[in-house]
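Subject: Structure for your review

Dear colleague,

Please find the structure below, together with its sequence. I would be grateful if you would keep it open while reading the notes that follow.

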Amino acid sequence: MSGPRIKAPRGTFDVLGEQAESRSALEVRARAILQGAGYERIETPAFEATELFARGVGEATDIVRKEMFTFEDAGGRSLTLRPEGTAPVCRAYLEHGMHKRRQPVKLWYLSSFFRHERAQAGRYRQFWQLGAEAIGSDDPAVDAETIVLLSSLLAEVGVRDVRLRLCSLGSPQTRGEYRERLQAHLRSHESSLAPEVRGRIEANPLRAFDSEHEGTRRVMRSAPRLLEHLDAGDRAHFEAVRELLDDAGIAYEIDSTLVRGLDYYTRTVFEFTSDALGAQSGVGGGGRYDGLIELLGGSPTPGVGWAAGIERMLLASGSSGGTLDSERSRDSGTGSAAAPVELFLARAEPRSAADRRTAFALLCAARSAGLRAQMELGGRSLKGQLSHADALGARYVAIVSERQASLRDMQEGRQEEIASDAVVHAVLRGLRTL
RNA sequence: GUGGGCGUAGCUCAGCUGGUAGAGCUCCUGGUUGUGGUCCAGGCGGUCGGGGGUUCGAAUCCCCUCGCUCACCCCA
């Protein structure tokens, strides 16, 4: 009397055997990288008030308009299975008063998300994402740090043929002005545009850059570019991010048509793609969202983060079945709590771009050398930086200026002046002789 | 869903019989004209869960509502 056999719903899957092992291995590596950089794990509920996404992600986005699994509970409240992670994390930041913690607050998650889309290779209705968010600082070094972390993770996981595209969307103000300019351009060529693009001129004109439609593409070639209309502050911020990435040896291409499908992005946006994937080539991406916390009812608070698809990373990492060798995994050691920092990079002049650049270069070098390192990202005074470093349990603090550094042993209270580029070596030597 | 308890700053709480909000911790700044852990000073931070009522006046009294929590029911 039983009916047809029940299968997993369209767009969902079971994780079995060696795939489960691959996922565990990926998680171990992600945790080592993110917790080593000072990120703390967060998990938020699988569903939230629908309004969180309507407001946070944006009414005009495809996600909110047609991809959410929304339902009512018995009390008539509208709830939605989370389609993305940033809005929930920001909601949690507000709900738990994290603005009172030392900024920026760095959080990471590995959770499943839900979008009601047509399933295809690398695209599912329930999918898993690894995400990282740094909330509470607008320092360009935070943008660069998050990008470098994702880059390291993709390399560590063995994702092949990775490319990074980078752009800046500017602040809400300049973006709004640009948006009007673009809308005017689209309207003046309306007859050549694809119908769906025409229908989005008011709601989401930026998406026109994504169109494959021939007429639309022609129109877009002559369209004004956002990058050319940034204001001085946004331009300086973007240049600083680029400079730090250059110093870190991260290759990227500037793509002024890079558009992410969420409304909250400001300034830096980026996407990593893998040519090893099919139509869904994005493996991870993110950007800055300086207006989101305020939109959700908080005071103005900057933030930046990214998310990367677990299934896509595994697909692009080689082994046909999406398997990741678990033997290579190295754990950073002690479970969930943040391990003490070995080297903290303070800035002699907190507002100096040159000091920031030196500190960031040392941060990358220290991490490459296997040190747990962090740098000042919160705009604190020097006293505040030392205090922050102490709270992180830092063993050494290097107070860097452009070429010189004061390397301080926080346990002994001793301090010596050395060349900036000798810092990492000195710390390695110091730790070895303990 | 039913019954009890509780909702004051991010956290822990004070605020008596109504006179229109305070402490400690945290975070930031300063004392130390560039240097942490102790100390001192200052600052940020509150629609007193929300709405209505009584009153000259409500965090305080009354009603409603929302949320949390414990118990019951049931369950991973």
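Strand 14 and strand 15 run antiparallel to one another and are paired over five bridges. Please bear in mind throughout that this is a predicted model.

The link between these two strands is a hairpin, in which three residues connect strand 14 to strand 15. One pair to look for is Ala398 with its bridge partner in strand 15, Leu407. Strand 14 also pairs with strand 12 (residues 343-347), here in the parallel sense and again over five bridges. In this pairing, Leu343 has Tyr396 of strand 14 as its bridge partner.

As for its surroundings, strand 14 (residues 396-400) is mostly covered, with five of its five residues buried. Tyr396, Ala398 and Val400 point one way, while Val397 and Ile399 point the other way. As a general point, side chains in a regular strand alternate between the two faces of the sheet.

Strand 11 (residues 303-309) may be read in the same manner. Seven of its seven residues are buried, and the strand is mostly covered. Gly303, Gly305, Ala307 and Gly309 point one way from strand 11, whereas Val304, Trp306 and Ala308 point the other way. Strand 11 runs antiparallel to strand 6 (residues 126-135), to which seven bridges join it. Within that pairing, Gln129 is opposite Gly309. Strand 10 (residues 282-288) is likewise antiparallel to strand 11, with five bridges between them. There, Arg288 is found opposite Val304.

Where does strand 11 stand in the order of the open sheet? The sheet has eight strands with mixed pairing, in the order 1-5-6-11-10-9-7-8, and strand 11 stands between strands 6 and 10. Strand 1 (40-41) and strand 8 (253-254) are the edge strands, each pairing on one side only. In general, the strands of a sheet pair through backbone hydrogen bonds, in either the parallel or the antiparallel sense.

Further along this order, strand 7 (residues 162-168) and strand 9 (residues 266-274) form an antiparallel pair with seven bridges. Arg163 is placed opposite Thr273 of strand 9.

Strand 9 also contains Arg267. Is this residue buried or exposed? Arg267 counts as buried, because its relative accessibility is 15% and the cut-off for buried is under 20%. Beyond its neighbours within four places in sequence, Arg267 is in contact with residues including Cys167, Asp234, His237, Arg288 and Asp290.

Two helices also deserve your attention. In helix 8 (residues 214-221), the buried residues are Gly215, Thr216, Val219 and Met220. They lie on the same side of helix 8, because the arc they cover around the axis is only 135 degrees. Helix 6 (172-188) and helix 7 (195-198) are among the elements that cover these buried residues.

Helix 5 (residues 140-157) contains Ala141. Ala141 has a relative accessible area of 0% and is buried. Leaving aside its neighbours within four places in sequence, Ala141 is in contact with Leu244, Arg356, Phe360, Met375 and Leu377. Ala141 and Ala359 are 218 residues apart along the chain, and their C-alpha atoms are separated by 9.3 Å.

Finally, I turn to RNA strand B. Which residues come nearest to RNA strand B? Of the 22 residues around this strand, they are Arg77, Lys100, Ser381, Leu382 and Met410. Of the atoms of RNA strand B that come within 4 Å of the protein, sugar and phosphate account for 48%.

Three contacts may be inspected individually:

- The side chain of Lys100 has an N or O atom 2.5 Å from a base oxygen of RNA strand B.
- The side chain of Arg380 has an N or O atom 2.8 Å from a phosphate oxygen of RNA strand B.
- Met410 has a backbone N or O atom 2.4 Å from a base nitrogen of RNA strand B.

Helix 13 (382-391) and strand 15 (404-409) are the elements that give two or more residues to the surface near RNA strand B. The largest share, six residues, comes from helix 13. By type, the residues of this surface are five nonpolar, nine polar and eight charged.

Yours sincerely,

A colleague

Technical notes
Residues are numbered from 1 along each chain as its sequence is written. Chains are lettered from A and ligands numbered from 1 in the order in which they are written. This is a predicted model: local features need pLDDT of at least 70, side-chain atom pairs count only at pLDDT 80 or more; totals for chains, interfaces and linings use all residues. Side-chain values use heavy atoms; hydrogens and water are left out. Two strands pair if DSSP finds at least two bridges between them. Helices (H or I, at least four residues) and strands (E, at least two) are DSSP runs, numbered from the N terminus. A residue is near a molecule or strand if one of its heavy atoms lies within 4 Å of it. A polar contact is a pair of N or O atoms within 3.5 Å; within protein, one must be able to donate a hydrogen and the other to accept it, and residues adjacent in sequence count only if both atoms are side-chain atoms. Ala, Val, Leu, Ile, Met, Phe, Trp, Tyr, Cys and Pro count as nonpolar, Asp, Glu, Lys and Arg as charged, and the others, Gly among them, as polar. Buried means under 20% relative accessible area, exposed over 50%, partly exposed in between (1.4 Å probe, protein chains only). The arc is that of the directions from the helix axis to the C-beta atoms. Contact means heavy atoms within 4.5 Å.
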